[in-house]
Amino acid sequence: MSVKSAVLDLAIFGGEPPFDRPLHVGAPNIGDRDRLRELLDDALDRRWLTNDGPYVQAFERRLAERLGVRHCVATCNATTGLMILAAAMGLRGEVIMPSFTFVATAHALTWQGITPVFCDVDPDTWTLDPRQAADLISPRTTAILGVHLWGTPCDVAGLREVASRHDLALAYDAAHAFGTSLAGRSVGSFGDAEVFSFHATKICNTFEGGVVVTDDDDLAARLALARNFGFIEVDRVVSLGINAKMPEVNAAMGLVSLDSLDQFVEINRRNWERYRVGLENVTGLTLYDPPVPERSSTYQYVVMEVHESAGLSRDELGQVLAAENIGSRRYFYPGCHRMEPYRTQCPDSGLRLPVTEAILERTLVLPTGTATTAEALDRVCEILSFAISRASEVRVRLRSGSGRQV
Ligand code: T4K
């Protein structure tokens, strides 16, 4: 990616966007392409393309080793992973989870006939608040489903205490958290089971994919059955199942991604630091950097908070960036509880989610990953800084629809 001009001449003031192609959140990390092509050729020569093939098995073994868990059941995506997990754990009734997450977390439960009960998050870490979770337990509650949002480990001790006290299952949506750890222990081993995503936008990707991990032998066996229609052997189906299998091409991509994971993390770390330095003196902008002692991060998400003192709102800054061909995202606005079917089912749940609602109004996720360059990130920081320094003019321009696409 090259940057055309170093002159600050915002598109909304009639200038040209600075990048030769769009810069956006979620651009995938891609490892060694030659190695990937070799693996694909081998799979094609072998004529074994899916159904628990050798690459899937190799990928699962490497994941288990890396995460320090007994079982890894690779799936076609994390959403289906969450669905088969809910079924294999026998969850029903209500499950307590945050509203501040990708809607897939709630949908996976709903597909299983389970009612998600939305709980607020801690104002510092933005992960599930164990105290409110305890207050929301009803006779219908069967589990707590925490989300390691942005890869920040939940309060695993607090949630375990609540779950144990009330005899509830405890699972985690770890879609963002592959490669992270807490006190030297990999995320993935804190719940009765956890689910990672390997979607294209994740630090380690398999195009589409996921994995359910657990130390529970019986649960793992039920997951393996559920993933493959309930077949225990040819011609013998012993339980309800679905097609949640990961194809070989995806597992090959996963193996290649794992080879480069440390490099991806290092690039992300440098990008994060670049943003930190570039934005540290910009009024009203801060980066989300939760005070969780002994956590390690993959820096996969650069989450910017826009405070009132910036003089421009989060949405106005998003519009400025869009006009400059920079795609930011206001994940996970407006919150699951304000999306259907949850908004209609439980119209008042926002009343108990003040922290979630406030965060959702002020956050913007910025591009990072291996598809960016240091120069490009500097330019993003300069644009934000410049827009804020001329906030009132920018607002007038945005309102009048001046400049290029906004
Ligand atoms: N739980 C949580 C907490 C999650 O965040 C997710 C998924 C899940 C569960 C479910 O996992 P999966 O079932 O997907 O394995 C994207 C992803 O599709 C989704 O996987 C992810 N979270 C979510 C946070 O982001 P969208 O609706 O934002 O996708 P889209 O198409 O708008 O793309 C996002 C950005 O990535 C855009 O700026 C474009 C860019 N992109 C995307 C793809 C696919 C690329 O540059 N290249 C690509 O190939 O959901």
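Four short exercises with worked solutions follow.

The model is predicted: local features need pLDDT of at least 70, side-chain atom pairs count only at pLDDT 80 or more, and totals for chains, interfaces and linings use all residues. Residues are numbered from 1 along each chain as its sequence is written, and side-chain values use heavy atoms, with hydrogens and water left out.

**Exercise 1. Place H148 and state whether it is buried or exposed.**

Step 1. H148 sits in the loop between β5 (141-147) and α6 (156-165). Helices (H or I, at least four residues) and strands (E, at least two) are DSSP runs, numbered from the N terminus.

Step 2. The relative accessibility of H148 is 0%, so H148 is buried. Buried means under 20% relative accessible area, exposed over 50%, partly exposed in between (1.4 Å probe, protein chains only).

Step 3. Beyond neighbours within four places in sequence, H148 is in contact with residues including Y172, D173, H176 and E194. Contact means heavy atoms within 4.5 Å.

Step 4. The H148 side chain also reaches the backbone nitrogen of C154 at 3.0 Å.

**Exercise 2. Find which strands pair with β10 and how its faces are covered.**

Step 1. Strand β2 (residues 71-75) pairs with β10 in the antiparallel sense over 5 bridges. Strand β9 (residues 193-197) also runs antiparallel to β10, joined by 5 bridges. Two strands pair if DSSP finds at least two bridges between them.

Step 2. Look at V212. V73 has V212 as its bridge partner in β10, and V195 has V212 as its partner there too.

Step 3. In a regular strand the side chains alternate between the two faces of the sheet. In β10, G210, V212 and T214 lie on one side and V211 and V213 on the other; all are buried.

Step 4. The count for β10 (residues 210-214) agrees: 5 of its 5 residues are buried.

**Exercise 3. Identify the buried residues of α4 and what covers them.**

Step 1. In α4 (residues 104-111), the buried residues are A104, T105, A106, A108 and L109.

Step 2. Their cover includes α3 (78-88), β3 (94-98), β4 (115-119), β5, β6 (169-173) and α11 (342-345).

Step 3. Check what comes after the helix. G113 follows α4, with a positive phi near 75 degrees.

**Exercise 4. Describe how F231 is placed and exposed.**

Step 1. F231 belongs to strand β11 (residues 231-233).

Step 2. The relative accessible area of F231 is 35%, so F231 is partly exposed.

How values were computed:
Polar contact = N/O pair within 3.5 Å; in protein donor to acceptor, adjacent residues only side chain to side chain.
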